[in-house]
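User: Hey, can you walk me through this structure? I'm new to this, so plain words please.

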Amino acid sequence: MKKRFTAVGLALLMVIGTTIIPNEKFILNDVQINVSAETKSNGYIGTTSDGFTYIINADDTFDIFGYSGKSEKVVIPSKIDGKDINSIWGITFNENKKIKSVVIPEGITTIGDYTFDRCTNLKSISIPKSVTEIGERAFNRTAWLTAQQKANPLVVVNNILVDGSTAKGDVTIPSNVKSLCKYAFENNNGIKSITLSNNITNIPLGCFQKCSLLEKVNFNDNLKEIGQSSFEQCTKLKSIKIPKKVTYVSWQAFNDCTSLKSVTFLGTAFETMISFENTPWFKNKREKNPLVIVNNVLIDGRTASGDVVVPNTVKKISSYAFTTNQKMTSIVIPSSVEKIGNSAFINCFELKSATIMNKATEFGIEAFVNTFDLTLNGYENSTAQNFAYENGINFNDLKPISSCTVTLDNISYTYDGKAKKPSVTVKNGNSVLVKDKDYTVKYSDNTEAGTAVVTISGIGKYAGNIKTSFTIKK
């Protein structure tokens, strides 16, 4: 066969750094070249005599990622050159119309995404117990899967639920199932409720997406993560209770669930990521307050505007909570906030000032990326200062207002039924601070007889607050 290189083949060779020296053949799609046996190390690609294309891993094991053989009855080798085979990569046999049976040897642990997809004549697959991971749609549109679905609409392999797209009615995941495949129930138009077994800790990508009749989901208490788009467009789903152990509700998990009016979070250590877009529950929350806060987690602030002050009850700001907000110009994040999620303020182009009151707030990856004119206000030697310097963001060193002196022009009044507001002077050393630039003033209990309180809160270069008092006598 003539030697040919595709752009993909050349790019792959550049990535793995393989030296091309005539000696031994391998085939990658329509690429045929010769490679010296001396290059058989991590990243080396080769093809066996019976058509299995493989790559050598760093641990000296092999993965299979292509098949150019002509056999209808495929037996995958357990070893190549005496080395173990770990995985069958996705699309290895994709759209192969010739194969009718496949034997996978003991020792292989992973079957990748779409591995046998559209192998329409594939009727027999022998899968060993060593397989612990099966990718999305690995067996779609095979005769084997059709036969399995007829025998049981919940197709389970080695305690992995591979497919449930033909299940109907009220479905309970069997107790032996330990994991679900991505997109396992996608586009199912028959199930009305789903109950998860206690072994399920993660609902993967798109697992129940577009299940048009799904009205109820019974999660288990051991669930930890609800994956991306896992219930997206389940338009009859009305209410959910998210268990206490769930720490992450991923991107678009419940988006476009147009009947979802009730969402209850039983825990407080969770994070969401634009997970409820176009649901009545989220719409109602946002209409009441542009800062959508659930169990002390701020999950959305994309419609907040102007100078935003996060309530001091908030402990966490979720990933992407303020993404692409173009109306917010400043934000004060109180000392109660322990973590700011990944990309929480990404593409907030109009955000000029962010004040971080907690010296130890944890910053997620790219928390303030693409906020071009931003100044971070924080304390010296704080995580905010470190984050600003590491990410090329302007930093302003905050001064605690509590270190300043406060003087009232009158500390004793006689009760006359009118509110009393003595003038306030705040000094930092010999420098007199400016009201509404460096601080704000709030009076309380300042009408009736007794002790009135004046609260001075730092703004701009100053942070925190200080209180003083005066008396009203009868």
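Analyst: Sure, we can go through its open spaces, a few strands and two helices, keeping in mind that this is a predicted model.

User: Cool. How much space lies in the largest pocket?

Analyst: About 740 Å³. The lining is made of 28 residues, and the closest to the pocket's centre are Val-309, Val-332, Met-357, Gly-458 and Ile-459.

User: Which elements give two or more residues to that lining?

Analyst: They are strands: S27 (306-309), S29 (328-333), S31 (353-356), S41 (450-458) and S42 (462-463). The largest share comes from S29, with 4 residues.

User: And how do the lining residues divide into nonpolar, polar and charged?

Analyst: There are 12 nonpolar and 14 polar residues, plus 2 charged ones.

User: Back to S29. Which way does S27 run next to it, parallel or antiparallel?

Analyst: S27 and S29 run parallel, joined by 4 bridges. One partnership to look for is Asp-307 with Ser-330 of S29.

User: What about S29 and S31, how many bridges join them?

Analyst: There are 4 bridges there, and these two strands run parallel. Ser-330 turns up again, standing opposite Ser-353 in S31.

User: Okay, switching topic. How many cavities of 30 Å³ or more are there?

Analyst: The count is 2. The largest cavity holds about 60 Å³ of space.

User: How do you even find empty space in a protein?

Analyst: You roll a probe the size of a water molecule over the atoms, and that shows where empty space is left.

User: Neat. Which residues line the largest cavity?

Analyst: Thr-272, Ile-274, Ser-275, Phe-276, Glu-277, Phe-282, Ile-299, Asp-300 and Arg-302 do. By class, that lining splits into 4 nonpolar, 2 polar and 3 charged residues.

User: I clicked on Val-292. Is that one buried or exposed?

Analyst: Val-292 counts as buried because its relative accessibility is 1%, and the cut-off for buried is under 20%. You'll find Val-292 in strand S25 (residues 292-294).

User: What does Val-292 touch, leaving out residues up to four places away in sequence?

Analyst: Its contacts are Phe-282, Lys-285, Arg-286, Val-297, Leu-298, Ile-299 and Asp-300. Among the residues lining the largest cavity are Phe-282, Ile-299 and Asp-300.

User: How far apart are Val-292 and Glu-390?

Analyst: They are 98 residues apart in sequence and 30 Å apart in space, going from C-alpha to C-alpha.

User: Glu-390 is in a helix, right where I'm looking now. Which residues of H4 are buried?

Analyst: In H4 (residues 383-390), the buried ones are Ala-384, Gln-385, Phe-387 and Ala-388. Looking down the axis of H4, you'd see them fall within an arc of 165°, so they line one face of the helix. Tyr-389 and Glu-390 are exposed on the other side.

User: What do the buried residues of H4 pack against?

Analyst: They pack against S31 and three further strands, S32 (362-363), S33 (375-378) and S34 (394-397). Just after H4, you can also spot Gly-392, with a positive phi of about 65°.

User: Last one, helix H2. Which of its residues are buried?

Analyst: In H2 (residues 143-151), those are Trp-144, Leu-145 and Gln-149. They fall within an arc of 130° seen down the axis of H2, so they line one face of the helix. The face turned away from that buried side carries exposed Lys-150 and Ala-151.

User: And what's packed against the buried side of H2?

Analyst: Strands S11 (124-126), S13 (155-157) and S14 (160-163) are what the buried residues of H2 pack against.

Technical notes:
Residues are numbered from 1 along each chain as its sequence is written. This is a predicted model: local features need pLDDT of at least 70, side-chain atom pairs count only at pLDDT 80 or more; totals for chains, interfaces and linings use all residues. Side-chain values use heavy atoms; hydrogens and water are left out. On a 1 Å grid over the protein atoms alone, a cavity is a set of points where a 1.4 Å probe fits but cannot get out, and a pocket is an open set with protein on both sides within 12 Å along at least five of seven lines; lining residues have an atom within 4 Å of a point. Grid points are joined across faces, edges and corners, and a volume is the space filled by probe spheres set on the points. Ala, Val, Leu, Ile, Met, Phe, Trp, Tyr, Cys and Pro count as nonpolar, Asp, Glu, Lys and Arg as charged, and the others, Gly among them, as polar. Two strands pair if DSSP finds at least two bridges between them. Buried means under 20% relative accessible area, exposed over 50%, partly exposed in between (1.4 Å probe, protein chains only). The arc is that of the directions from the helix axis to the C-beta atoms. Contact means heavy atoms within 4.5 Å.
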